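This report looks at how strands, a helix and selected side chains fit together in one protein chain. The sequence and the structure are shown first.

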Amino acid sequence: MNAHQDGDTRYLSYMLRMWCTRDSKGQPLWRASLEEPGSHQTASFGDVRSMFAFLQSRLGVEQNREPAQGGPLTGSTSIDGA
């Protein structure tokens with residue numbers, strides 16, 4: 001996915017899609033995808049934490065090194081159209 005950079009300004013734009021499914025225990029599990037307008041490149045995420053980790057990496061934000069309350073990140077992340 002591409003970022004626009006002009007001097008001191010950096011710009012990222014994504015269309016966010018989210019939907020809720022159920023895990024093997026019947027618990028709700030939010031899934032997400034981000035699509036870059038123009039190129040239509042899409043990143044798909046098996047859970048919301050994976051999406052936030054992706055966004056943090058794109059922004060250059062250091063991720064919290066300790067797992068969140070739910071344990072380590074789960075789900076899969078795939079990038080289409082690369």
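The text below goes from the strands to the salt bridge, then to the aromatic side chains and the helix, and ends at the surface.

The structure is a predicted model, and the description of its strands begins with β3 and β4. These two strands pair in the antiparallel sense over 8 bridges, and Arg22 stands opposite Pro28 in β4. The two strands form a hairpin with 5 residues between them, where Gly26 takes a positive phi near 85°. On the next pairing, β4, which covers residues 28-35, is joined by 4 bridges to strand β5 (residues 42-45), and the two run antiparallel. In this second pairing, the bridge partner of Glu35 in β5 is Thr42. β4 and β5 also form a hairpin, with 6 residues between them, and Gly38 in the turn has a positive phi of about 90°.

Side chains of opposite charge can pair when their charged atoms come close. The structure holds 1 salt bridge, formed by Arg17 and Glu35, whose closest N and O atoms are 2.9 Å apart. The pair links distant parts of the chain, with Arg17 in strand β3 and Glu35 in strand β4, 18 residues apart. How do the two partners stand in terms of burial, buried or partly exposed? Arg17 has a relative accessible area of 37% and is therefore partly exposed, whereas Glu35, at 14% relative accessibility, counts as buried because the limit for that class is under 20%. Glu35 thus appears both in the salt bridge with Arg17 and in the bridge pairing with Thr42 of β5.

The aromatic side chains come next. The structure holds 2 aromatic pairs, which are set out in the table.

| Pair | Geometry | Centre to centre | Angle between planes |
|---|---|---|---|
| Tyr14 and Phe54 | edge-to-face | 6.3 Å | 65° |
| Phe45 and Phe54 | tilted | 5.3 Å | 50° |

The pair of Tyr14 and Phe54 links distant parts of the chain, since Tyr14 lies in the loop between β2 (9-11) and β3 (15-22) and Phe54 lies in helix α1, 40 residues apart. Tyr14 and Phe54 are buried, and Phe45 is buried as well. Tyr14, Phe45 and Phe54 form one aromatic cluster.

Helix α1, which spans residues 48-59, also holds Met51. Met51 has a relative accessible area of 3%, and so it is buried. Which residues does Met51 contact, leaving aside its neighbours within four places in sequence? With those neighbours set aside, Met51 is in contact with Leu16, Ala32, Leu34 and Phe45. Among these partners, Ala32 is 19 residues apart from Met51 in sequence, while the two C-alpha atoms are 7.0 Å apart in space. Phe45, another of these partners, is also a member of the aromatic cluster with Tyr14 and Phe54.

At the surface, Leu16, Met18 and Trp30 make a nonpolar patch of about 300 Å². Trp30 lies in strand β4 and counts as partly exposed because its relative accessibility is 44%. Leu16 belongs to this patch and is also in contact with the buried Met51 of helix α1.

Technical notes:
Residues are numbered from 1 along each chain as its sequence is written. This is a predicted model: local features need pLDDT of at least 70, side-chain atom pairs count only at pLDDT 80 or more; totals for chains, interfaces and linings use all residues. Side-chain values use heavy atoms; hydrogens and water are left out. Buried means under 20% relative accessible area, exposed over 50%, partly exposed in between (1.4 Å probe, protein chains only). Contact means heavy atoms within 4.5 Å. Rings of Phe, Tyr and Trp (its six-membered ring) pair if their centres lie within 6.5 Å; planes under 30 degrees apart count as stacked, over 60 as edge-to-face and the rest as tilted. Patches are made of residues with over 30% relative accessible area and no salt bridge: like charges are joined within 9 Å, nonpolar side chains (Val, Leu, Ile, Met, Phe, Trp, Tyr) within 5 Å. Accessible areas come from the Shrake-Rupley method with a 1.4 Å probe; for residues, only the protein chains shown count as cover. A salt bridge is a side-chain nitrogen of Lys or Arg within 4 Å of a carboxyl oxygen of Asp or Glu. Two strands pair if DSSP finds at least two bridges between them.
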